[in-house]
Amino acid sequence: MSVIPEGDTTALKEILAEEMRGEVTILLFVKIGDLSSEDARKLLEEVSSLSDKIKLQIYDFEKAQEVQKYGIARAPAVTLRGKRDYNIRYYGVPFEQEFETLIEWLIRVSKGSAELEENTMRALRELGEEKKLTVLVTYACPQCPLVAQLAMRFAMAGEKVRVDVIDIFEFPE
């Protein structure tokens, strides 16, 4: 059974074909036997099937050395690699409102562009020390995708910015 409705799949294929420029690898960190991790795997397998430019790599959170390499704190967790790692982590399953965030993130990473004003880009590039932004999201919040997407754009523009987007229903602590 598909996670993404069939009509949406067709539209998403068209959008990704038109918008994506380069290849993107989705790195998914899961806990074996965890229902949310299984939901994330199903969703991201479907997403990766929407474009030849999207690759999916799945890692066991308990065993993979990539957990430390990418600074993954919990699972399920998603990060994307394009030309580089943009220091963005999504903790939870990007369903509902946050699915839009995932698609936008894929497109931006494929382009390697944050698309911010030049003054903002310069300020982010010139940060003296590393900054971490944590964005708390819920499936039902209509503003959460916009805030998460803006924070992700900041991380893409400034190599010293790290963004953690955390689904507070999945990780209430």
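The following exchange examines a predicted model through its strands, helices and selected residues.

Trainee: How many residues of strand E1 (residues 24-30) are buried?
Mentor: Val24, Ile26, Leu28 and Val30 point one way from E1, while Thr25, Leu27 and Phe29 point the other way, and all are buried. The strand is therefore largely enclosed by the rest of the structure. The number of buried residues in E1 is 7 of the 7.

Trainee: Does E1 run parallel or antiparallel to strand E2 (residues 54-60), and which residue of E2 is the bridge partner of Leu27?
Mentor: E1 and E2 are joined by 7 bridges, and the two strands run parallel. Within this pairing, the bridge partner of Leu27 in E2 is Gln57.

Trainee: What is the handedness of the β-α-β crossover from E1 to E2?
Mentor: E1 and E2 run parallel, with 7 bridges between them. Between these strands the chain passes through helix H2 (residues 35-48). The β-α-β crossover is right-handed.

Trainee: Which residue of strand E3 (residues 77-81) stands opposite Thr25?
Mentor: E1 is also joined to E3, by 5 bridges, and these two strands run antiparallel. Thr25 is one of the buried residues of E1. The residue of E3 that stands opposite Thr25 is Arg81.

Trainee: Within what arc do the buried residues of helix H1 (residues 6-19) fall, seen down its axis?
Mentor: In H1, the buried residues are Thr9, Leu12 and Leu16. An α-helix has 3.6 residues a turn, so residues three or four places apart point the same way. The buried residues of H1 accordingly line one face of the helix, as they fall within an arc of 65°.

Trainee: Which exposed residues does H1 carry on the face turned away from its buried side?
Mentor: The buried side of H1 holds Thr9, Leu12 and Leu16, and what covers these residues includes E2 and H4. The face turned away from that side carries the exposed residues Gly7, Glu14, Ala17 and Glu18.

Trainee: How many residues of helix H4 (residues 97-111) are buried?
Mentor: H4 has 15 residues and reaches 23 Å from its first C-alpha to its last, close to the 21 Å expected. Its buried residues include Phe99, Leu102, Trp105 and Leu106, along with Glu98 and Arg108. H4 is mostly covered, and its buried residues number 11 of 15.

Trainee: Which residue follows H4, and what is its phi?
Mentor: H4 ends at residue 111. The residue that follows has a positive phi, near 65°, and is Gly112.

Trainee: Are Leu35 and Ser36 of helix H2 buried or exposed?
Mentor: Both Leu35 and Ser36 belong to H2. Ser36 has a relative accessible area of 16%, so it falls under the 20% cut-off and is buried; its contacts beyond four places in sequence are Pro76, Val93 and Glu170. Leu35, at 69% relative accessibility, lies over the 50% cut-off and therefore counts as exposed.

Trainee: How far apart in space are Leu35 and Cys141, C-alpha to C-alpha?
Mentor: Leu35 is exposed at 69% relative accessibility, whereas Cys141 is buried at 18%. They are separated by 106 residues in sequence, and their C-alpha separation in space is 23 Å.

Trainee: How many disulfides does the count come to?
Mentor: A disulfide is a covalent bond between the sulfur atoms of two cysteines. Cys141 is buried at 18% relative accessibility, and Cys144 is buried with a relative accessible area of 9%. With sulfur atoms within 2.5 Å required, the number of disulfides is 0.

Definitions and conventions: Residues are numbered from 1 along each chain as its sequence is written. This is a predicted model: local features need pLDDT of at least 70, side-chain atom pairs count only at pLDDT 80 or more; totals for chains, interfaces and linings use all residues. Side-chain values use heavy atoms; hydrogens and water are left out. Buried means under 20% relative accessible area, exposed over 50%, partly exposed in between (1.4 Å probe, protein chains only). Helices (H or I, at least four residues) and strands (E, at least two) are DSSP runs, numbered from the N terminus. Two strands pair if DSSP finds at least two bridges between them. A crossover is right-handed if, with the strands pointing away from the viewer, the path from the first strand over the helix to the second runs clockwise. The expected span of a helix is 1.5 Å times one less than its number of residues. The arc is that of the directions from the helix axis to the C-beta atoms. Contact means heavy atoms within 4.5 Å.
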